Amino acid sequence: MLKTRTLLALGLLASVAAQLNRPPHFLPGGDMARFALLEDTQVGAPVYRLQGADPEGAGVHYSISGEHFTVDRHSGVVTLLRPLDRETVDVLEVIISITDESVGGVEPNTVSLRRVIPVLDVNDNPPQFHGRPYAFAVPESTKIGTILYSNITVTDKDIGHNAELVITCIKSDACSSFNIQTEKVSEGEYVGTISLARVLDYEMWASYSLVLQASDTSPQSLSATANVVIDVIDIQDQAPVFVGAPYSATIQENSPPGKSVVRVQARDGDLGEPRPVSLTIEDDDLSYFRLVMNGSGLATVVTSDTPIDREHPMVLQSGGVYTFRIKATELINNELPGEFNYES
């Protein structure tokens, strides 16, 4: 009787073992742990292979959630379905699942894992200048080293070294007159500053046109350019200038008073906002001539009431040549300041 009971117990244990169905599991290296994907990965490309096993040796199949991937349920090969853009979505969240087969009438087991997949940056966005156009004016008396302009903002949507920017001046001889500094504000945002490198001279160069280039430091560097217009403000620092000097003329002695001898012209050496110019005769020791003004800086030298005498000792000593000077003086508020003058 005891022997019969033992056989019945063993038969019950064998029946329970036959119905046991343990869950499957993902294998190391096949569970998408620490998986990341470049944003320029081509749609349709295989990007990963899920791998798992069932303790009972039964077949398994796979699934993946979301709209960016699909998986071959048997092989576990994951394929990209949609294009990626890290600047829009920088991480993807998916659920990967492995399911075994039914064993002895027991329902299949499914094991699921949540995975966060970083989308890796590639250098696909060029730098961008903001707030253009750039234009400003600077007095020609500005000292070297002075910061002239600091409103140049440049951004890059990429990250890391793909968004590390340097701003330089290119394609212009004017670049040597200015220094360009690049200052990082935050990730992917920089400010460019223009300072003076050389002395300005309105009469030599009244305006400058710079071409700035912002480039990232990626091996496959991308860049963008922007124009900067710099106007130089004229400062009153130039003496009057005679046009066509030196002047000379030939005249008969004893010419009648008021006879035209030569026309003279002078203008302010500062071209930005020129001042009126007054002309006067100096060193006309024999008083042979006078000026008839024809406008600012424009006059005609004519004979005076004193007859010209070639035999005068002063004239004879110089071989029949009589020399005098014309003085040009800038007017300030239409008055003679006596500060700037030029003689011819």
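1. Let's begin with residues 243-330 of this predicted model. Over this stretch the chain is 6% helix and 38% strand, and its end C-alpha atoms are 15 Å apart. Try locating residues 243 and 330 in the viewer to see the two ends.

2. Now turn to residues 130-242. Here the chain is 0% helix and 55% strand, with 47 Å between the end C-alpha atoms. Both stretches appear in the UniProt record: its unreviewed entry gives the annotation "domain: Cadherin" to residues 39-129, 130-242 and 243-330.

3. A sheet worth tracing by eye is built from four strands. It is an open sheet in the order β11-β17-β16-β13, with mixed pairing. Why do β11 and β13 each have a side without a neighbour in the sheet? β11 (134-139) and β13 (165-170) stand at the edges and have a single partner strand each, so one side of each is left without a neighbour. On average, neighbouring strands of this sheet are turned by 30° against each other, ignoring direction.

4. In the middle of that order you will find β17 and β16. Strand β16 covers residues 207-216 and strand β17 covers residues 223-233; the two pair in the antiparallel sense over nine bridges. For a spot to zoom in on, look at Ser215, which stands opposite Ser223 in β17.

5. Next, have a look at strand β9, residues 110-120. Which strands pair with β9, and in what sense? Strand β2 (residues 37-38) pairs with β9 in the parallel sense over two bridges, while strand β8 (residues 91-99) pairs with β9 in the antiparallel sense over nine bridges. You can check each pairing at one position: Leu37 stands opposite Val119 in β9, and Leu92 stands opposite Ile117 in β9.

6. Now zoom out to the whole protein, which has two helices and 24 strands. Its radius of gyration is 46 Å, well over the 20 Å that the globule rule gives for 344 residues, so the protein is more spread out than a compact globule. The C-alpha trace spans about 170 × 30 × 30 Å along its principal axes.

7. Finally, a few words on burial, surface and contacts. Buried residues make up 35% of the 344 residues. The protein exposes about 19600 Å², and carbon and sulfur atoms supply 52% of that area. Of the contacts with a separation of 6 or more, 66% come from residues 24 or more positions apart.

How values were computed
Residues numbered from 1 in each chain as written. Predicted model: local features only at pLDDT ≥ 70, side-chain atom pairs only at ≥ 80, totals over all residues. Heavy atoms only, no water. Pairing = 2+ DSSP bridges. Axes fitted to C-alpha atoms, helices over the stretch in contact; angles between N-to-C directions. Rg over C-alpha atoms; globule rule 2.2 N^0.38 Å. Buried < 20%, exposed > 50% of the residue type's maximum accessible area, 1.4 Å probe, protein only. Contact = heavy atoms within 4.5 Å. Areas by Shrake-Rupley, 256 points an atom, 1.4 Å probe, with all protein chains shown as cover. UniProt positions renumbered as here; feature names shortened; annotations may be inferred.
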